Amino acid sequence: MIRKVKLQNWKSHLDTELVFDRGTNVFIGPMGSGKTSVLDAICFAFFGTFPTLFSKKIKLDDVIMNRPVEKQMAKVSVTFEVDREEYTITRVVERGKGTTYSELRKGDKLLEAPNTQRVTELVEEILKIDYDLFTRAIYSEQNALDYFLRIPKGQRKKKMDELLMLDKLEKARATCVSVVNRLVDKKMEKQSMLERMDVESLKKTIRELESSVEELLKQIETLEKDLKKFLMEKKEVEEKYYQLKKLFEQKETLEKEKSRLESTYIELKKRIDNLENSLKKRSIEEVKKEYSMLTQKIEEMKKRLGEKREEKLRKSKEISELTSVVSHLKKEKLNELLNKLKEKKGLIKKLGMFKQQFGENVEDSLKKLKVQYENLLGKIQAKKERIKLLEDGISKLSLPVSKCPVCDSELTPEKKSKLLEQKKNEKGMLEKELAELQDKLEGLKLKIDEMERVKTEVRVLKNKIEEMKGLEEELEAIKKEINEKESLLSKLRKELEDLEKELSDLQKSLDEMNEKYVKLAKLLDKAKELEEARISLAKIFSQLKDVKERLEKIVEEIGEESLDKYVDLLRSIEGKVKETEAKVEEMRKRLEEKEKMLEDFKTQVEKLEKERKEVERLESLIRNLKIFEKALVLTQTQMRKELVETINYTMNNLWPSLYPYGDYVEVALHIEEDDYVLKVKDRDGRWINVDGIVSGGERSIACLALRIAFARVLAPQLLWLVLDEPTHNLDAKAVDDLAETLRSRIGEFVDQVFLITHEERLEGAVTGTLYRFEREKEKNGVTKVSKILG
């Protein structure tokens, strides 16, 4: 039983989870709401494919949600129960990659992952059914409940045989016939070839060739014996020839060596005389002693030169460092002090200008200005207060009163007017004076700000001048230091000059010694050369004596023998060898040709024998295949009969429950005129065609009985049934009859039914779970599923 299905990004299902029970589970909703997608997902989970994918009507990427949002992955999970064990299978599809992960679990235990093929194989073992059988026996595609009746008469037998899997036997029989025909053609071709060939004539030619080959082998053997004798004779003569030739070559070599040694002896004697004259009768010991003493003097001179050069380097480094220090003092310290003194003079001059402009004491001048500023502020404030009083008086006089606001006396209009005029005049004068005072105050404020700035600048100038105190003394000290260092620098340069002169004299002495050293070295080389020449002369004399003795022995050994005698003898033997080898070679070629011909004829005979045996084997194979073809025909007929009988037996067991009325007592599948016909039997025992005669409801129940029978016969271990839109072409009464059958009768024969429909009347068929599917297709919406019952 299928317990649960979970879909993620599967076609129009974004995230759907469905739980099922035993009995009839119904999916109801409009066309295109995603109902069939659930069945496709179940089939895909089990077997990795489903009908429209298997037939290549769609691609695997098409199952991944494309609207309203394109997803990259779809996931299907199905939980099912077999023999009281719960299993869960999960498959993942990725866009452009296919099925990338498959998993099968038994409870919480992982049985297989991630191999897709292996998971499918395990599922088939558990269900005891494969994809082919599942889609034939259990899964009724959309609008296919009466599929059997809608198949044209000429094609019904073929389609039914496919459903019952008898077509495989027919394919095997057709293949068998095709193979037999090809084998017969092959046998006839080989027989024709055998008839064209004369085997006995070939065998006679083989015997003649074998005799000829044997005769040639005997002739070759005789010639090879003669050749062996000539070759042995040739070998003996060659050995004597090469021995004599070797003696002549040794004689020639020794004569050349004697001539070379005599020439070398004369040259060495002359060379010794020349070397003795060059040495002027001095011994090698004397030359070596003088050479040794000079070498020692040169080493001492080099050591002294090295010390003086190091002293020169130290002096040069000291001069360089002192020069750098003096330069630094002049460029930086001295210039810096001079610049600071110049800056100090400028500051003193600027301070004098400020004193000349603002007085000796800027702070006293600033205080006086501030006092003036405060006095002026007081006057301005008094003027403002008086103006305010006048404005108040004017305001009160402007009111309609008859008394003076100051003395409380009676006011006549003339007096009131006069007072107003006086106060306005006084106010005007005060405002004019106030403006003048404010202008003065603003000018005074600018002077104070300027004085404040000058005060600050004067203070800064004084501080800087104070900081520069003592610059003159520091300048004098720097000048003194520079003079001292320049004096020291002059002294060091004089010492360096003296040192360089001393170095030059030492180098000159060393050069003279080296020149004398080179002459002594050449003289020593000649003394050594003289010594070696005397040794070589004695050695050459000994070698010359040995060569003369060996040469005398070889001349005595050769005696009167001549090489020409052996050369003539070898030429004679070589002619006999070549003549015999040519005869052998010619006979071997003839032998090779005859052996090749013999081999070719034998191969032809062997091939013909093989072809004869192959013809016999093909005849036997053809006979067996014809027997096998007849067996397939008989097996197909027998299996068709037994399957139809089993299906009819199953349908008639179902029929009383599915159709509890008395009009038709039996239902059966008949084989008539090489065709299948579904019939029902009335009370009078007459068999009536279901198609075209019975009512729509009776027709649908008969088709349902056939579907159930297929499921029970072909997949008895599952007892599942899938019906997709089974109400196609049914009237209202037939739909009601089908709903009643699915609700109250089918549960006796099938454990679980999945019914997909858009027909509201079929809600009454539910005995398991009822789901309603909705989707806004015009907005490319996702499928929404609501559980109504269960």
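**Note on two antiparallel sheets and their helices**

1. Val680 stands opposite Ile688 of strand 11. The model is a predicted one. Strand 10, residues 676–682, runs antiparallel to strand 11, and 3 bridges join the two.

2. These strands belong to an open sheet of 3 strands, paired antiparallel in the order 9-10-11. Strand 9 (664–671) and strand 11 (687–689) each have a single partner strand, so one side of each edge strand is left without a neighbour in the sheet. Direction ignored, neighbouring strands here are turned by 35° against each other on average.

3. Helix 13, residues 563–658, packs on this sheet and touches strand 9 and strand 10. The direction of helix 13 makes about 165° with that of strand 9.

4. A further open sheet has 6 strands in the order 2-1-4-5-6-7, again with antiparallel pairing. Strand 2 (13–19) and strand 7 (109–112) are the edge strands, each pairing on one side only. From one strand to the next, the twist averages 15°.

5. Within the sheet of 6 strands, strand 4 (residues 73–82) and strand 5 (residues 85–94) pair antiparallel over 10 bridges. Met73 stands opposite Glu94 in strand 5.

6. Helix 1 (residues 35–47) packs on this sheet, with contacts that include strand 1 (2–10) and strand 6 (98–106), and its direction makes about 105° with that of strand 1. Helix 3 (residues 116–127) lies across strand 4, strand 5, strand 6 and strand 7, at about 40° to strand 6.

7. Helix 7 (residues 167–196) has 30 residues and spans 44 Å from first to last C-alpha, close to the 44 Å expected at 1.5 Å a residue. Its buried residues include Asp167, Lys187 and Lys190, together with Leu169 and Cys176.

Conventions:
Residues are numbered from 1 along each chain as its sequence is written. This is a predicted model: local features need pLDDT of at least 70, side-chain atom pairs count only at pLDDT 80 or more; totals for chains, interfaces and linings use all residues. Side-chain values use heavy atoms; hydrogens and water are left out. Two strands pair if DSSP finds at least two bridges between them. Helices (H or I, at least four residues) and strands (E, at least two) are DSSP runs, numbered from the N terminus. Axes are lines fitted to C-alpha atoms, for helices over the stretch in contact, and angles run from 0 to 180 degrees between N-to-C directions. Contact means heavy atoms within 4.5 Å. The expected span of a helix is 1.5 Å times one less than its number of residues. Buried means under 20% relative accessible area, exposed over 50%, partly exposed in between (1.4 Å probe, protein chains only).
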